[in-house]
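Biologist: Could you take me through the sheet in this one, strand by strand? And please add a word on the cysteines while you're there.

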Amino acid sequence: MATRAVYTFTRPHFACCHIYNHWDGYPEGAVELLKGVRTPEDFIRKNQRAVLTVGPADHGDLEYHYHISQRGGELYVTATRFNFDGSQEQFCYQMLMADFEAKFGLPEHPRVKERKLQSLMIQLGSNRPRKG
């Protein structure tokens, strides 16, 4: 879905880096795009459609801006939604990345959970189905 977002990465002792992504900028999509990402380089490698940009103000049709900062080895997210009436709303402020993922991440499909459980049971040497 074409939900445009800019992801701004800031790290101590580095200039900030702005990256524009035309797709999946809503919070649930951002969680997926940011999974396993620690740096702007990681983000670009993972999201091949992403491009460097001057900043959020460069995009008049922007719907979301995510500011990812790094302090003490932890990642934090500040997220802003731009509404069609020109207003904006900051809906999370310096939230730990893990908390952002927990709040906005999509729940795992029950079949995926069941497959993971079966795989774990096989690894543990038991392939009997669970009762319950």
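Modeller: Let's settle one term before the details: two strands count as paired if DSSP finds at least two bridges between them. Keep in mind, too, that this is a predicted model.

Now the sheet. It's an open one with six strands, in the order β3-β2-β1-β4-β5-β6, and the pairing is mixed. At the edges stand β3 (51-53) and β6 (88-96); each has a single partner strand, so one side of each is left without a neighbour in the sheet. On average, neighbouring strands are turned by 25° against each other, direction ignored.

Next, look at β1 and β4. Strand β1 covers residues 5-10 and β4 covers residues 64-71, and the two pair in the parallel sense over six bridges. If you want a spot to zoom in on, pick T8: its bridge partner in β4 is H67.

Then there's the helix that goes with this part of the sheet. Helix α3 (residues 97-104) lies across β4, β5 (74-82) and β6. Against β6, α3 runs at about 125°.

As for the cysteines, a search of the whole structure turns up zero disulfides. Take C17: the closest cysteine sulfur to its own is in C16, and at 7.7 Å that's too far for a bond, because the cut-off for a disulfide is 2.5 Å. C17 is buried, with a relative accessible area of 18%, which sits under the 20% limit for that label. C92 counts as buried as well, at 4% relative accessibility.

Key. Residues numbered from 1 in each chain as written. Predicted model: local features only at pLDDT ≥ 70, side-chain atom pairs only at ≥ 80, totals over all residues. Heavy atoms only, no water. Buried < 20%, exposed > 50% of the residue type's maximum accessible area, 1.4 Å probe, protein only. Helix = DSSP H or I, 4+ residues; strand = E, 2+ residues; numbered from the N terminus. Axes fitted to C-alpha atoms, helices over the stretch in contact; angles between N-to-C directions. Contact = heavy atoms within 4.5 Å.
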